[in-house]
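Got the model open in your viewer? Let's take a walk through its empty spaces, one selection after another, and finish at the ligand.

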Amino acid sequence: MISEDELLPTPKKTIINIRQPPIPTSEIEFAHVVSEESDNNISQTNNIQSELSSLKTERAEERKKRRERTANYLQQPVEERIKVLSKYFGQVPQMGVPVQLTHDQIVNVLNMESLVDQRALFDYANSITESIYGNKVYFRGIIEFSNVCQKDCKYCGIRKHMKVPRYTMPKEEIIEQAVWAYENHFGSIMLQSGELNTEGRIAMLEEVIREIKKRTGGGGPGEWNKGLGIALGVGELSRESYQRLFNAGAHRYLLRIETSNPELYKKLHPNDSNHVWEERRDCLKTLMDIGYQTGTGVMIMIPGQSVEDLASDLLFFRDIGADMIGMGPYIVQDDTPIGEEWMKLYGHLNEEEKKEYNRKLFRLSLKMTALARILIPEANISATTALQAINPAGREIALNSGANMVMPIITPTKYRVNYQLYQGKPCIDDTKEECKRCLTDRVKWSNKHLMLDEWGDPISYFRKRQMEVPNK
Ligand code: SAH
């Protein structure tokens, strides 16, 4: 029997304490350290301890066997291993060559249970990423500059009705973080916040974007492809506002549709004129029309969502022409209506069952990442922070299952506690330096290459417009 955490594309078992990562030189060595520790702990003589000792030895044995089985399986060439996917795809997949899938086929993949088949899926998706982007991974430093929000999304930890101290970083402080990112060789940043569509906010953002461009060697209007790359994630705005921010120098925009099912959208949001699915979708079209590299995404396993919905989400991303995709597991947040619903459904789970729930959620999120790569091969796909909330090596594994992007949080530490979209959000006490170092290590552990000083634009954007793909 194969155990659950087996066969994930985890290049190295990594995380014990990320602040002082042990950085084992090899997986074998790390395994050795772990079993030695257990051996030391169990040298006592009394009965309970000797039982514990045999249990630990058994576990160590089991781990060893598991590692051997995995090693045996991985000895087969990956070209051969991915052939098992034929039964889902209706054709034999070739390394690095994407296939088109129907809604039914996507549902079958999402329901895939065999761990061997799943590993083949992740490796196949990775082969597509590598055929397009090589092993390059790009940083987007994220600055969560304000938690003030006009929206009341029923799942979110910074929704309007949440009792949380509100902040907006002073302009100069936002600019400082951006300049730090530039000086630390990040190619791009992302400015993210709650949603606020006032004139004051737009004017402030315009000014901040212009100043960041100016201080990082960027040009004025028409010269946006110089200096630090700037992405925005500030929600639904008017066409005019989107245009002003684009003219100021932002060139990417991330707006998650949250779900492609308008009926589910209604359940996840208040039923008022401030939360209309069609308007959110139209915002995506407007952003593309203006010329932004546009990203979208959804939450995974939010109450009320079906596997069929998730399959439709992927086709929605493809059909609308998304250049960037950011998806993550839904994670419960207290004092929110959806959080309460989740508690009714799953609150009774014991620790073991909760672990099982998280494993399922993690696997489903990885399948979504892999399928996004297969269906929209040239998009930039994020290994999102929320993945790490449910698996300590979540981002590394995602980087080997279709993702090619990570977003170190560079928000000043003092604000982070008030930008908790969900409970247990990682990196809440960390500094930007720690987030940079941690993610640099994670990329290394993923056997990928971190690209510094480059924008890492999505190739799909240029292809659609018959433009040459720039390096920077
Ligand atoms: N308001 C901005 C961005 C801030 S929230 C916008 O609309 O783009 C960023 C993302 O966090 C949201 O799009 C949502 O998908 C995700 N999010 C919010 N609450 C969450 C939760 N409880 N679990 C997981 N992700 C959540």
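Start with the second largest cavity, which holds about 110 Å³ of space. Keep in mind that you're looking at a predicted model. To light up the walls, select Arg-140, Met-190, Ala-231, Arg-252, Leu-254, Met-324, Ile-325, Gly-326, Asn-380, Ser-382, Met-405 and Met-407, which line this cavity. Now colour by class: the lining comes out as 7 nonpolar, 3 polar and 2 charged residues. Next, switch to cartoon and pick out β4 (252-254) and β7 (324-325), each of which supplies at least two residues of that lining.

Zoom out for a moment. How many cavities of 30 Å³ or more does a search of the whole structure find? There are 4.

Move on to the largest cavity, with about 830 Å³ of space in it. Its lining takes in 39 residues, so-called wall residues for this tour, and a handy way in is to select Gln-192, Arg-256, Glu-258, Tyr-419 and Leu-421, which lie nearest the centre. For the secondary structure, show β1 (136-146), β2 (188-193), β8 (328-329) and α15 (385-390), the elements that give two or more residues to this lining. Which of them gives the most? Click on β2, which contributes 3 residues. Colour the lining by class again and you get 21 nonpolar, 10 polar and 8 charged residues.

Now turn the ligand on. The ligand sits in this largest cavity. Select the shell around the ligand, 18 residues, and label Glu-195, Arg-256, Glu-258, Arg-280 and Ile-331, which come nearest. Arg-256 and Glu-258 may look familiar, as both are among the residues nearest the centre of the largest cavity. By class, the shell splits into 10 nonpolar, 4 polar and 4 charged residues.

Time to draw some distances:

- Glu-195: go from an N or O atom in the side chain to an oxygen atom of the ligand, and you should read 2.8 Å.
- Arg-256: a polar side-chain atom lies 2.9 Å from an oxygen atom of the ligand.
- Ser-193: use the backbone here, where an N or O atom lies 3.3 Å from a nitrogen atom of the ligand.

For the last stop, put a surface on the protein. How much of the ligand does the protein bury? Taken alone, the ligand exposes 550 Å², and the protein buries 93% of that.

Terms used. Residues numbered from 1 in each chain as written. Predicted model: local features only at pLDDT ≥ 70, side-chain atom pairs only at ≥ 80, totals over all residues. Heavy atoms only, no water. Near = heavy atom within 4 Å. Polar contact = N/O pair within 3.5 Å; in protein donor to acceptor, adjacent residues only side chain to side chain. Areas by Shrake-Rupley, 256 points an atom, 1.4 Å probe, with all protein chains shown as cover. 1 Å grid on protein atoms, 1.4 Å probe; cavity = no way out; pocket = protein on both sides within 12 Å on 5 of 7 lines; lining within 4 Å. Sits in = over half its atoms within 2 Å of the grid points. Nonpolar A, V, L, I, M, F, W, Y, C, P; charged D, E, K, R; others polar. Points joined across faces, edges and corners; volume = space filled by probe spheres on them. Helix = DSSP H or I, 4+ residues; strand = E, 2+ residues; numbered from the N terminus.
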